[in-house]
Amino acid sequence: MRTPKDELLLQAMDHALSARAMEAVETLAALYRLLDVERVPEDENYGVFATALTRRLEGAAGALHPYRASEVDGGARQIDLFRQLMKHLPLASAADAVANTLLAGFLRGHDEATLLDVGIGQGRQECNLLRALAKAGALPRHLAVVGVDPSGASLREAQGAVTAVAEEVGLSLEFAGLESPVEDLDAAVWSALRGVRRPLVVNAAFALHHVVDGPAGAREPRDTVLGRLASLGPVGVVLCEPNVDHHRAPARERLANAWQHFSRVFQLLDTLEVPKEERRAIKRFFGREVDDIVGMVNESERCERHETALVWWERLRKAGFMPRRGMDAVCPPGVHPAVALRAEEGTVGIAFRDEVLVAVLAAVPREGA
C-alpha cells in the first residue's frame, strides 16, 4: 500500500521524465515538508531518493559516478564506505561468508591453485578466505591470486593485505594485479591467463554489474566477459550480486525497483545497533548508488546496473556453465539472525523479511560445453 510520501516520490519522477521541471521541484518540496530526517529513520530513506531526483533535474552535471563522487563532494571514498558496510550490514557479511565457503570447497584438497578475483578491491575477502582455509587445515601448498581491478591503489592495498595474511598462515603465495576493468582486458592478457596454475577458481563479488553496456545490436559486454572466463577452464565460478533489476528496466520502473530494494536494505540497517555516524556512512554509500540508478540522465554513464539472479543464470548458462549442486548444504557459521539463507539451484539468497536482496551464485562447467 502506497503512502502519501510514496505517491509524491513517484509523481516527482513522472514530472522529471516528462521534462516538467517546475512541477517536479514543487512535488519534491511537498515531499520534503513531510520529512523529519533527523528523527525518523524512514524519512532519511525518502531523503536519499529525493536527493537523487534533484540530481536528475540538475541534468548531466548532477549525478556523479559513485566511485568518483568523493573527488567532488569531499566525502569518504566509496571503497572505504564499503568497509563500514561489510562491518555492520549482515547482507554483505553473509554473502561474503557464503561465497568464501563455496570458494574454499573449490580450492580444498589441491597442492596448488589459482584464484582469479574480478573486482578484488582491497583484498578483504581473500584475507578472510585464507584464514578460513587455514583454520580448516585446507590451505593449498601454493596459491596464486590474480586480482583484477580498475584502481591501482586498491590493488596495491590488496597485495599488501593478502601477502601479510599469507605469511601469517604459512602459505606460499604469488600475487599478480591487473589494473583494468575486466571488460577492457586485451586478448594477450586472456591468453596469458590460460597458462595459470590449475585448478583455476574465479570470484566476482559485487563487480560484474559494473560492466558497461556496449553498442546496440552487439553482444553484451558482460556476456563476452563470462564467455572469456569460461574459456579459461575454471573448475568453479562464484558471483555475488544484488538481486534486483537496475539494468534494463525503464527509468520509472527502475525507481520503483530501487525503492523496493533499498527500502528493505535501509529497514534492515535501521533494526541493527550501529553507531549513528557509521549508519549514515553506510546510507551514504547506498545513496551514491541511488544517485547513479535514479539521478543519472545519460544512460551510457550509469554504472550500478544490477540484475536479478535469474538473469545472471541465463548469462552463465549461455557462457557454458551450470549450477553447482548441493547449495542447501552451504551453511557458514556466524550468519546474523536478522537475515535468512535461501538455497535454490546453484544459488544461495540472502533474505530479509522474505525478500532475497543479495544472491550468491556458484557455477561449474557444463558437461560437454
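Here are some worked exercises on a structure that is a predicted model.

**Exercise 1. Work out in which sense strands S2 and S3 pair, and how the chain gets from S2 to S3.**

Step 1: Find the strands. S2 covers residues 142-149 and S3 covers residues 172-179.

Step 2: Look at the pairing. The two strands run in the parallel sense, with eight bridges between them. For a spot check, take leucine 143, which sits opposite leucine 173 in S3.

Step 3: Follow the chain. It leaves S2, passes through helix H8 (residues 152-169) and arrives at S3, giving a right-handed β-α-β crossover.

**Exercise 2. Take valine 169 and decide what it touches outside its own stretch of sequence.**

Step 1: Place the residue. Valine 169 belongs to helix H8.

Step 2: Check its accessibility. The relative value is 22%, so valine 169 counts as partly exposed; the cut-off for buried is under 20%.

Step 3: List the partners. Skipping residues up to four places away in sequence, valine 169 touches Leu130, Arg131, Ala134 and Leu139. With alanine 134, the C-alpha atoms are 6.3 Å apart, although the two residues are 35 residues apart along the chain.

**Exercise 3. Say which residues of helix H10 are buried, and what covers them.**

Step 1: Go through residues 221-231. The buried ones are Pro221, Arg222, Asp223, Thr224, Val225, Leu226 and Leu229.

Step 2: Look for the cover. It includes strands S1 (112-118), S4 (200-205) and S6 (321-323), along with helices H9 (187-193) and H13 (309-319).

Step 3: See what comes after. H10 is followed by glycine 233, with a positive phi near 75°.

**Exercise 4. Explain why cysteine 331 has no bonded partner sulfur.**

Step 1: Start with the total. The structure has zero disulfides.

Step 2: Try cysteine 127. This residue is in no disulfide, and the nearest cysteine sulfur, in cysteine 240, is 16 Å away. Cysteine 127 counts as buried, at 8% relative accessibility.

Step 3: Try cysteine 331. Its closest cysteine sulfur is in cysteine 240, and the separation of 16 Å is too far for a bond; a disulfide would need the sulfurs within 2.5 Å. Cysteine 331 is exposed, with a relative accessible area of 57%.

**Exercise 5. Describe the surroundings of arginine 254.**

Step 1: Place the residue. Arginine 254 is part of helix H11 (residues 251-270), and it is buried at a relative accessible area of 2%.

Step 2: Find a polar atom by its side chain. The backbone oxygen of alanine 249 is 3.1 Å from a polar atom of the arginine 254 side chain.

Step 3: Collect the contacts. Beyond neighbours within four places in sequence, they are Arg56, His246, Ala249, Ile293, Glu299 and Arg302.

**Exercise 6. Pick out the residues that touch the most other members of the largest nonpolar core.**

Step 1: Take the 77 residues of that core. Phe49, Leu91, Val294 and Ile350 come out on top. Helix H6 (residues 90-107) provides the largest share, ten residues.

Step 2: Zoom in on valine 294. Not counting residues up to four places away, its partners are Met13, Phe49, Ala52, Leu53, Arg56, Leu255 and Ala258.

Step 3: Look elsewhere. Another core of 30 residues lies apart from the largest one, and Val148, Leu193, Leu226 and Ala363 are among its members.

Definitions and conventions. Residues numbered from 1 in each chain as written. Predicted model: local features only at pLDDT ≥ 70, side-chain atom pairs only at ≥ 80, totals over all residues. Heavy atoms only, no water. Pairing = 2+ DSSP bridges. Helix = DSSP H or I, 4+ residues; strand = E, 2+ residues; numbered from the N terminus. Right-handed = clockwise from strand over helix to strand, strands pointing away. Buried < 20%, exposed > 50% of the residue type's maximum accessible area, 1.4 Å probe, protein only. Contact = heavy atoms within 4.5 Å. Polar contact = N/O pair within 3.5 Å; in protein donor to acceptor, adjacent residues only side chain to side chain. Core = buried A, V, L, I, M, F, W, Y, C linked by side-chain atoms within 4.5 Å.
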